[in-house]
Amino acid sequence: VAPVLLVLGACADDVTAPAAPGGVRGAVVASALRTDRLATVEWEGRFPRLYLQDADGARRVRVRFENVHDKIEGNWTPEFLPVNDQSVIAMSTPAWSPDGQQLAVVVSVAYDQSQVIVMNADGRQLRTESMNGQVIMGRVDWSPDSRRIAYAMSTQARGQGVDLFVTDLVTERVQRLTTDGRFRAFDRYRWDAAGRGIWFTNFERWSDDGW
């Protein structure tokens, strides 16, 4: 595995129409960097619930998945893939934006399907910020200016062909940054300090001893 720096704009193109919809594993606690707020995913029966609270447990509120806006071009409609408290069956580790004003979480509402939901720090103004007919792999990584998110997403059926994508949360434009479909569970990606590029691991070859 070798690290690669991908400078945005150098090999980015707009994402095309969604292919097939995977599940995402639930997670634990994420804390905002600039506040004492925590985001926790807690299982109640068979369903995950998202809660926000102070570090001492005060001001605890449950995030309600209702009236989720979706302006991503090419996405399935809410009638086909509704996102609400009754439909969310899986949820990833939440990720706070660097400024602590937004929270991103990956949710699934069907088998082999997931999408990135971004909300304000108070758990309101929920909106879908990725394609919603694919599988999101791993966590969301925020750009330093809290304007963009990076994530790995499938481009083929059954969660195959995973590549790196970025959504600009201001323009709500999705960009596909890689095209070889080789991302796997052990791969990592992270914005550089300036927010102009993304570092990611890239599998080169197996070593001589088979590792």
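**Reading the cores of an all-strand chain**

Author: The protein chain exposes about 11,000 Å², and carbon and sulfur atoms supply 50% of that area. Keep in mind that this is a predicted model.

Reader: How many helices and strands are in the protein chain?

Author: Zero helices and 18 strands. The chain has 211 residues, and 51% of them count as buried.

Reader: How do I read a nonpolar core?

Author: Start with the general idea. In soluble globular proteins, nonpolar side chains tend to be buried together. Now this structure. The largest nonpolar core has 29 residues. Val 116, Ile 149, Tyr 151, Tyr 189 and Ile 198 touch the most other members.

Reader: Which strands each supply at least two residues of this core?

Author: E10 (102-110), E11 (113-120), E13 (136-142), E14 (148-153), E15 (163-168), E17 (189-191) and E18 (197-202). E14 gives the most, with five residues.

Reader: Which residues is Ile 149 in contact with, leaving aside its neighbours within four places in sequence?

Author: Among them are Val 116, Val 118, Val 140, Phe 165 and Trp 191. Glu 129 is in contact with Ile 149 too.

Reader: Where is Glu 129 found, and is Glu 129 buried or exposed?

Author: Glu 129 is found in the loop between strand E12 (127-128) and E13. Buried means under 20% relative accessible area. Glu 129 has 1%, so it counts as buried. Beyond four places in sequence, its contacts include Ile 72, Tyr 151, Thr 167 and Glu 172.

Reader: What does the second core include?

Author: This separate core has 20 residues. Ala 30, Leu 52, Val 105 and Val 109 are among them.

Key. Residues are numbered from 1 along each chain as its sequence is written. This is a predicted model: local features need pLDDT of at least 70, side-chain atom pairs count only at pLDDT 80 or more; totals for chains, interfaces and linings use all residues. Side-chain values use heavy atoms; hydrogens and water are left out. A nonpolar core is a set of buried Ala, Val, Leu, Ile, Met, Phe, Trp, Tyr and Cys residues joined through side-chain atoms within 4.5 Å. Buried means under 20% relative accessible area, exposed over 50%, partly exposed in between (1.4 Å probe, protein chains only). Helices (H or I, at least four residues) and strands (E, at least two) are DSSP runs, numbered from the N terminus. Contact means heavy atoms within 4.5 Å. Accessible areas come from the Shrake-Rupley method with a 1.4 Å probe; for residues, only the protein chains shown count as cover.
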